[in-house]
Amino acid sequence: MPLNNYAVLKGRPINNRLASGASPHYQVLVSENGTLHRIAINVRSQDGSEVEFLVQSQFEHPITDLLAEMPEGLHKTPSQPGGVALDFIRGNLMQPWELKPLPISAAGPDNDLNEKIDAYIQRAMSDEEAMIYAFGETWGPENDKADKYFGFKPGRGIHDIHFNQGNPPGRFAAQNGPWQDGGLIIEFPREKQWVAIFLKFQTQAWHSDDGDGSLIVPQDREHPNRPHTPVDRDRIPTFEVPDGLVRIIAAYVNDVRTPERETVTLLNSADVPIDVSGWQIKDKQKNTMPLSGSIAAGATQVIEVKAPVALSNKGGIISLLNAEGIKVHGVAYTKEQARQPGRTIPFQS
């Protein structure tokens, strides 16, 4: 079954411990209105492999508007779209090739996970206005126990601060599920800056079933016991693992006329024409519209958005699915980006 107690914790980071030992986790002590919690961030897989990570130092996503309005505290979060639940894939939080493996520790500055996470936690602890948002599964309160790292009673906290789907058959497959991914988001209000830290194990498949989060891609023939996960944005994707084969490079969201005309611009990154018949565009409400025709090699095509799909002026996500229902590409935009009528929003691909 998926995670039992998926939630987001909002509070002030006040202490930390670097990861070490046999099952290393970077630990953060958080106070939410005086109630203490511990965040345990896994920075190495149990099979000893390096964890894939992504730090977005200028995180732009419609979820930030919802988080800013959230009061301090621990908030049980439904695993469904439309709220604050995270889903790396369906929420278009990143492109899969942005996730890179990194060791827990290494000689030299700013080149391991301990240092990457610590830099932002230290900055947040020194900024009295900074807020941390931790997504994952909760534990406690452990009424008869003190926390083993920070000593407060009762011990309680949140863990599984990582991708929580696409696990292969075995020990962790029961934790698979959509819209329950972990993550760490930090808000620096004075700078109007949001920072996001996302983690994923190399054994987890990027593509998963919409219903139960189980992997839906074959094993990588070049890497036994590992799922196909795209790691190189500069190579032409294959049809078997099509991430980025066709990309969303722009969207016209807020028209100057009424009724509004909305468009999505696609780029064929391949060296052959791509038949998009049977493909779909999906909005943040999971509405879909079918595509047809072909896009020439290296060419772009402007798609006029048709009902029931609609691109909200309050921020949203746009996903592109192939004929098998596999997500090929996805983007997100904020209310601020959609604010100006007549502006076409460009997306980095």
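Which residue in β15 is the bridge partner of I281? I started there: the partner is M289. A reminder to myself before going on is that this is a predicted model.

**Entry 1: the whole chain**

I looked up the element count and found two helices and 20 strands. Of the 349 residues, 53% count as buried. I then checked how far along the sequence the contacts reach. Taking contacts between residues at least 6 apart in sequence, 64% join residues at least 24 apart. The exposed area comes to about 15,800 Å², and carbon and sulfur atoms supply 48% of that.

**Entry 2: the sheet that holds I281**

Back to my opening pair. Strand β14, residues 280-282, is joined to β15 by three bridges, and the two run antiparallel. Both belong to an open sheet of four strands, in the order β15-β14-β18-β19, with antiparallel pairing. I noted that β15 (288-290) and β19 (327-334) are the edges; each has a single partner strand, so one side of each has no neighbour in the sheet. On average, neighbouring strands here are turned by 15 degrees against each other, direction ignored.

Next I followed the β18 end of the sheet. β18 covers residues 315-321 and pairs with β19 in the antiparallel sense over seven bridges. One pairing I wrote down is L321 in β18 with K327 in β19. The two strands form a hairpin with five residues between them, and G325 in the turn has a positive phi of about 85 degrees.

Is β19, as an edge strand, largely enclosed or left open by the rest of the structure? I counted eight of its eight residues as buried, so β19 is largely enclosed. A missing neighbour within the sheet therefore goes together here with cover from the rest of the structure.

**Entry 3: a closer look at I317**

I picked I317, which is found in strand β18. The cut-off for buried is under 20% relative accessible area, and I317 has 9% relative accessibility, so it counts as buried. I left aside neighbours within four places in sequence and listed its contacts: H61, R90, G91, N92, K282, D283, K284, V331, A332 and Y333. I also looked up one distance: I317 and Q285 are 32 residues apart in sequence, and their C-alpha atoms are 8.9 Å apart in space.

**Entry 4: strand β7**

Which strands pair with β7? I went through the bridges one partner at a time.

- Strand β1 (residues 6-17) is joined to β7 by six bridges, running antiparallel; G11 stands opposite I132 in β7.
- β9 is joined to β7 by five bridges, also antiparallel; the partner of I132 in β9 is I186.
- Strand β8 (residues 155-159) pairs with β7 over four bridges in the antiparallel sense; T138 stands opposite I158 in β8.

I was pleased to see I132 turn up twice, opposite G11 and as the bridge partner of I186. Nine of the 12 residues of β7 are buried, so this strand is largely enclosed by the rest of the structure.

**Entry 5: the nonpolar cores**

Nonpolar side chains tend to be buried together in soluble globular proteins, so I looked for cores. The largest nonpolar core has 28 residues, and the ones with the most contacts inside it are Y26, I39, I41, I121, L184 and I186. The elements giving two or more residues to this core are β2 (25-32), β3 (35-42), β4 (51-56), α2 (113-126), β7 (131-142), β9 (183-188) and β10 (193-201). α2 gives the most, with five residues.

I then asked what L184 touches. Beyond neighbours within four places in sequence, L184 is in contact with I39, I41, I121, I132, Y133, A134, I161, V195, A196 and I197. Apart from this core lies another, of 27 residues, with A270, I274, V305 and Y333 among them. Y333 was already in my notes as a contact of I317.

**Entry 6: another four-stranded sheet**

My last stop was an open sheet in the order β17-β12-β11-β20, with antiparallel pairing. The edge strands are β17 (300-304) and β20 (344-346), each pairing on one side only. Neighbouring strands in this sheet are turned by 30 degrees against each other on average, direction ignored. Inside the sheet, six bridges join β11 (residues 246-252) to β12 (residues 263-268) in antiparallel fashion, and I248 has L266 as its bridge partner in β12.

Definitions and conventions:
Residues are numbered from 1 along each chain as its sequence is written. This is a predicted model: local features need pLDDT of at least 70, side-chain atom pairs count only at pLDDT 80 or more; totals for chains, interfaces and linings use all residues. Side-chain values use heavy atoms; hydrogens and water are left out. Buried means under 20% relative accessible area, exposed over 50%, partly exposed in between (1.4 Å probe, protein chains only). Contact means heavy atoms within 4.5 Å. Accessible areas come from the Shrake-Rupley method with a 1.4 Å probe; for residues, only the protein chains shown count as cover. Two strands pair if DSSP finds at least two bridges between them. Axes are lines fitted to C-alpha atoms, for helices over the stretch in contact, and angles run from 0 to 180 degrees between N-to-C directions. A nonpolar core is a set of buried Ala, Val, Leu, Ile, Met, Phe, Trp, Tyr and Cys residues joined through side-chain atoms within 4.5 Å.
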